[in-house]
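Biologist: Got a minute to walk me through this one? I'd like the metal site, then the charged pairs.
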Amino acid sequence: MVKRLMKKADMKVYKERLLALRARLRGDVSAMAEKALRDTGGESSTMPLHMADAGSDNFEQEFTLSLMANEGDTLQRIEGALERIEDGVYGSCEECAGVIPKTRLNAIPYTPFCVRCAEKLQS
Ligand SMILES: [Zn+2]
C-alpha cells in the first residue's frame with residue numbers, strides 16, 4: 001500500500017512537541033502549573049490574588065490541570081506517536097492509512113487516527 005507520508009522536517013516539529021508534552025505528563029507538573037498560571041495571568045498578574053474576581057480564573061486553571069492529570073493513557077499514545085515518527089509513518093492513520101490533517105495533529109499531536117476513524121472507533 002502506498003502511503004503519502006509526512007516530510008521528515010515536519011515530523012521533527014511534531015516530535016519536539018510530543019517530547020515536550022511527554023516531559024509534562026511524566027511529572028514535570030510544577031513547570032506546567034507555572035505555565036497555566038502565566039497563561040491566564042496576562043497583564044492582570046500584578047493584581048492581588050485575593051481580589052473577588054480572581055475566583056473564575058482560578059477555577060479555569062484548576063480545570064486545565066485536572067484535565068491534563070486525567071489523561072492517563074495519553075503518555076502511552078505519545079510513546080506510540082514517537083515510535084511512528086521513528087518508523088517514518090507518523091501522520092498516517094493507523095486504521096485507514098490515510099493522511100491525518102495537520103490541523104488535527106496540531107490539536108492532538110499523539111493521535112494515531114484521522115477524524116473519521118477516530119469517530120468510528122469511538123462509537
Ligand atoms: Zn483513518
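Modeller: Sure. One cut-off to start: four donors count as tetrahedral if all angles lie between 85 and 135 degrees. And keep in mind that this is a predicted model.

Biologist: So what is the geometry at the zinc ion, and what are the angles?
Modeller: The site is tetrahedral, because the angles among its 4 donor atoms run from 103 to 115°, and the cut-off asks for 85 to 135 degrees.

Biologist: Which residues coordinate the zinc ion?
Modeller: Cys93, Cys96, Cys114 and Cys117, each through SG, at 2.3 Å. Their spacing in sequence is C-x2-C-x17-C-x2-C.

Biologist: Where do cysteine 96 and cysteine 114 lie?
Modeller: Cysteine 96 is in the loop between helix H4 (74–87) and helix H5 (102–107), and cysteine 114 is in the loop between H5 and helix H6 (115–122). They are 18 residues apart in sequence, so the pair ties those parts together.

Biologist: Is cysteine 114 buried or exposed?
Modeller: Buried, at 8% relative accessibility. Cysteine 96 is partly exposed, at 33% relative accessible area.

Biologist: Step back a bit. How many helices and strands does the chain have?
Modeller: 6 helices and 0 strands. Of its 123 residues, 27% count as buried.

Biologist: And how much area does the chain expose?
Modeller: About 8600 Å², with carbon and sulfur atoms supplying 54% of that.

Biologist: On to charges. How many salt bridges does the structure hold?
Modeller: 5. One of them pairs lysine 102 with aspartate 10, with 2.7 Å between the closest N and O atoms. That pair links distant parts of the chain: lysine 102 sits in helix H5 and aspartate 10 in helix H1 (residues 8–25), 92 residues apart.

Biologist: What does arginine 22 meet in a salt bridge?
Modeller: Glutamate 79, at 3.2 Å, N to O. Arginine 22 is in helix H1 and glutamate 79 in helix H4, so parts 57 residues apart in sequence are tied together. Arginine 22 counts as buried at 18% relative accessibility, while glutamate 79 is partly exposed at 27%.

Biologist: What does leucine 75 in helix H4 touch?
Modeller: Arg22, Leu25 and Arg26, leaving out residues up to four places away in sequence. Leucine 75 is partly exposed, with a relative accessible area of 26%.

Biologist: Last one. Which residue forms a salt bridge with glutamate 94?
Modeller: Arginine 84, with the closest N and O atoms 3.5 Å apart. Glutamate 94 lies in the loop between H4 and H5, and arginine 84 in helix H4. Arginine 84 counts as buried, at 9% relative accessibility.

How values were computed. Residues are numbered from 1 along each chain as its sequence is written. This is a predicted model: local features need pLDDT of at least 70, side-chain atom pairs count only at pLDDT 80 or more; totals for chains, interfaces and linings use all residues. Side-chain values use heavy atoms; hydrogens and water are left out. Helices (H or I, at least four residues) and strands (E, at least two) are DSSP runs, numbered from the N terminus. Buried means under 20% relative accessible area, exposed over 50%, partly exposed in between (1.4 Å probe, protein chains only). Accessible areas come from the Shrake-Rupley method with a 1.4 Å probe; for residues, only the protein chains shown count as cover. Donors are N, O and S atoms within 2.8 Å of the metal (3.2 Å for Na, K and Ca); water is not among the atoms, so sites may look incomplete. Four donors count as tetrahedral if all angles lie between 85 and 135 degrees; four count as square planar and six as octahedral if opposite donors are over 155 degrees apart and all others between 65 and 115; anything else is irregular. Contact means heavy atoms within 4.5 Å. A salt bridge is a side-chain nitrogen of Lys or Arg within 4 Å of a carboxyl oxygen of Asp or Glu.
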